[in-house]
Amino acid sequence: MSERAVLRRVLTHLLLPLLMCIGMGLAYESAFHAPSPHHMKVAVVGSGPQADVLAQTLKDKAGDALDVTTLPSADAARAQIMDRTLVAAYTPSATAPSLMVATANSATDVEVAQKIFTQVAGLQHEPLAVDNLTPMPPQDPTNQALFFLLVAISIGSYGSVAVIGGAGEALRMRTRAALCLGVSFTVAAIGAALAGPVFHFVHHDLLGVFGLAWVYSFAVVAIGTALHRFLGRWTTLGTMLLFVMLNFTSSGGVFRPDLQNGFFASLHSFWIGSGFVEGGRSLVYFDGRAGFATDVWILAAWAAVGAAALALTAVFEHKRRPLPLLAMESEADAAEEREEATVAA
């Protein structure tokens with residue numbers, strides 16, 4: 001092979017990492033570079049004219065940044081915050097204004113809400129008291145440990161695709177499917193070990209976190225293995241697009257949808273990473289009551305897509321499978337007989 005041909009081949013292969021660089025830059029910068037509130041749900045606690053006027057004033061000044069409602073009591077506000085339908089609730093007072101939040105829902109949301117209502121309380125020249133309903137453990141003060149766990153199990157999952165789909169391409173699909181189950185189980189077990197015994201940021205429901213991780217990992221490995229049959233070496237770009245560029249950015253692990261633009265906020269409602277991160281948060285910090293069922297269904301749907309993709313790939317491979325040895329021998333014998341007949345003629 002000439003040097004020019006080798007150079008052309010190298011340049012062709014360099015296209016993949018360059019596309020990955022562009023994709024990662026576009027995804028991460030567009031998702032994270034300028035977080036600002038979009039329809040962040042907050043409330044003013046109180047039933048009198050003062051609460052109504054304050055809520056309307058906040059609406060007028062904030063525009064689309066805040067969705068402001070009024071709630072009659074602190075108990076009603078607490079219930080909505082713990083159901084994760086409300087970010088913060090402000091109780092106005094001439095002497096002791098307070099803000100009720102839940103850091104476990106999103107530390108970045110809470111930070112933004114505190115800045116807003118600290119300014120509101122400052123108009124009365126009073127300090128703002130913050131009531132955090134879900135104080136974070138010292139092992140996870142920023143509430144991002146589950147996101148980094150998502151990163152770890154994602155790398156273990158889509159990194160396994162090249163092995164199962166590439167080196168294992170000659171294996172029967174049922175064998176590759178079994179490998180998908182086994183690898184995803186192992187990845188989930190590693191993730192659970194990191195979350196519990198190693199770093200201790202999950203203190204209860206570790207088995208539930210393991211289950212979420214297993215379903216998540218299986219979906220990633222299964223979809224990636226099926227894609228490898230059709231994309232070949234471009235599978236790396238495909239899996240990174242699905243499970244890194246669009247996945248990490250929309251998972252809610254760094255910023256929840258009310259601090260992101262409409263595209264990533266929309267992805268958050270059904271993309272696989274949000275199912276794991278939000279499901280883990282609901283399970284570990286909110287006793288599994290705050291949207292946990294929806295998060296499980298998101299993961300289950302993606303796992304079903306993965307299983308269906310493996311099944312369809314198996315059908316495709318079966319139809320394109322080479323003829324069995326006996327059939328090939330019969331075809332060769334028939335061809336030899338035709339050749340002899342031609343020579344005789």
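This is a short chat about burial, contacts and salt bridges in a predicted model.

Student: Why is Ser-274 called buried?

Tutor: The cut-off for buried is under 20% relative accessible area. Ser-274 has 2%, so Ser-274 counts as buried. You'll find Ser-274 in helix H11, residues 272-285.

Student: What makes the link between the side chain of Ser-274 and the backbone oxygen of His-268 a polar contact?

Tutor: The limit for such a pair of N or O atoms is within 3.5 Å. The side chain of Ser-274 reaches that backbone oxygen at 2.7 Å, so the distance fits the limit. Leaving out residues up to four places away in sequence, Ser-274 also touches Ser-250, Ser-251, Gly-279, Asp-295 and Ile-298, among others.

Student: How do you know that Arg-84 and Glu-278 meet in a salt bridge?

Tutor: Look at the N to O distance between their side chains: 2.4 Å. The salt-bridge cut-off is within 4 Å, so the pair qualifies. This pair links distant parts of the chain, 194 residues apart: Arg-84 sits in the loop between helix H3 (74-82) and strand E3 (88-91), and Glu-278 in helix H11. Both residues are buried.

Student: What makes Glu-278 and Arg-256 a salt bridge?

Tutor: Their side chains meet at 3.1 Å, N to O, and the limit is 4 Å, so that one passes too. Arg-256 lies in the loop between helix H9 (247-250) and helix H10 (262-268), 22 residues from Glu-278. Glu-278 is at 3% relative accessible area, so call it buried. Arg-256, at 13%, therefore counts as buried as well.

Student: Which residues are linked with Glu-278 in a network of salt bridges?

Tutor: Arg-84, Arg-256 and Arg-281 are linked with Glu-278 in that network. A search of the whole structure gives 8 salt bridges.

Student: Why are Glu-317 and Arg-176 called buried?

Tutor: Glu-317 has a relative accessible area of 15%, so Glu-317 is buried. Arg-176 has 2%, so Arg-176 is buried too. Their side chains meet in a salt bridge at 2.6 Å, N to O. The pair links helix H12 (residues 292-320), home of Glu-317, to helix H6 (residues 173-198), home of Arg-176.

Student: What is the size of the largest nonpolar core, and which residues have the most contacts inside it?

Tutor: That core has 91 residues, with Ile-272 and Phe-276 having the most contacts inside it. Helix H7 (residues 206-231) supplies the largest share, 12 residues. Not counting neighbours within four places in sequence, Ile-272 is in contact with residues including Tyr-216, Phe-243, Leu-299 and Trp-302.

Notes:
Residues are numbered from 1 along each chain as its sequence is written. This is a predicted model: local features need pLDDT of at least 70, side-chain atom pairs count only at pLDDT 80 or more; totals for chains, interfaces and linings use all residues. Side-chain values use heavy atoms; hydrogens and water are left out. A nonpolar core is a set of buried Ala, Val, Leu, Ile, Met, Phe, Trp, Tyr and Cys residues joined through side-chain atoms within 4.5 Å. Buried means under 20% relative accessible area, exposed over 50%, partly exposed in between (1.4 Å probe, protein chains only). Helices (H or I, at least four residues) and strands (E, at least two) are DSSP runs, numbered from the N terminus. Contact means heavy atoms within 4.5 Å. A polar contact is a pair of N or O atoms within 3.5 Å; within protein, one must be able to donate a hydrogen and the other to accept it, and residues adjacent in sequence count only if both atoms are side-chain atoms.
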